[in-house]
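Take a look at the sequence and the model below. This report covers the surface, one helix and the core.

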Amino acid sequence: FLLAALLWMSVEAVNIYLAAVMVFDHHVSTTFVLKAATIAWGFPLLAMVSTVGPSSLYDYTMANYCWLAHTPLTYAFLLPAGLILLFNMVVFVIIMYKLVRRDIKQKELTGGQRRESNRRWVSRQLRRAVSIMTLFGLTWVFGFFVITGARIVFAYLFCIFNTLHGLFIFVFHCVMREDMKKWR
């Protein structure tokens, strides 16, 4: 289930990339959702079947915890999750670069702005970055690093940010939107 959730966040990353970066140069096929669902549900199913199938050759679960043992954890969860998070980070950097570059070009076309508007512009870019990071599931990076030596710190960060994931989406995409302010 966790891989499926991460893959759906990657689908959202691709969708936002197409909407924000490839604005006029893309064509979303009518089967986009079917293809996305096949990948987002099919790949985790494949990872699960490929590790459960030969589980008689190794320990599949840990003795003391309800979690995968080392071998299936590494190959069926950590490796794919790490690649998914890396993909989402790359897409995040590309989108932020394109959006900031587009705003700078617009600013140059409209002429110089006062210092107050520069602060507001930086604030808007930071809000945009946190909003997109939330949608792409980049808070899961903390969860990915729970397996390192700083386990406690990353576990707390992961729990805090991941439990607030839905709240962040609500605040950034409902409360703070200009077109939603009329509903207040």
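A residue is buried under 20% relative accessible area, exposed over 50%, and partly exposed in between. The model is predicted. Phe170 has 47% relative accessibility, so Phe170 counts as partly exposed. Phe170 sits in helix 7.

**Surface patch**

Phe170 belongs to a nonpolar patch on the surface. Its partners there are Ile152, Tyr156, Ile160, Leu164, Leu167, Val175 and Met176. Together these residues and Phe170 have about 750 Å² of accessible area. Two elements, helix 6 (151-163) and helix 7 (165-175), each give two or more residues to the patch.

**Helix 2**

How far apart are the end C-alpha atoms of helix 2? They are 30 Å apart, and this agrees with the expected span, because 21 residues at 1.5 Å a residue should span 30 Å. Helix 2 covers residues 32-52. It has a kink of about 25° at Gly42, shortly before the proline Pro44. Pro44 is buried. So are Ala36, Ala40, Ala47 and Thr51 of helix 2.

**Nonpolar cores**

Two cores are set out here.

| Core | Number of residues | Residues named |
|---|---|---|
| Largest nonpolar core | 15 residues | Most contacts inside it: Leu3, Leu6, Phe77, Ala81, Ile84, Leu85 and Trp140 |
| Another core, apart from it | 14 residues | Among them Val91, Ile95, Ala129 and Ile132 |

Which elements give two or more residues to the largest nonpolar core? They are helix 1 (2-20), helix 2, helix 3 (70-110) and helix 5 (140-144). Helix 3 gives the most to this core, with 6 residues.

Key. Residues numbered from 1 in each chain as written. Predicted model: local features only at pLDDT ≥ 70, side-chain atom pairs only at ≥ 80, totals over all residues. Heavy atoms only, no water. Patch = residues over 30% accessible without salt bridge, like charges linked within 9 Å, V, L, I, M, F, W, Y side chains within 5 Å. Areas by Shrake-Rupley, 256 points an atom, 1.4 Å probe, with all protein chains shown as cover. Salt bridge = Lys/Arg side-chain N within 4 Å of Asp/Glu carboxyl O. Helix = DSSP H or I, 4+ residues; strand = E, 2+ residues; numbered from the N terminus. Buried < 20%, exposed > 50% of the residue type's maximum accessible area, 1.4 Å probe, protein only. Expected span 1.5 Å × (residues − 1). Bend = angle between axes of the 7 residues up to and from the residue. Core = buried A, V, L, I, M, F, W, Y, C linked by side-chain atoms within 4.5 Å.
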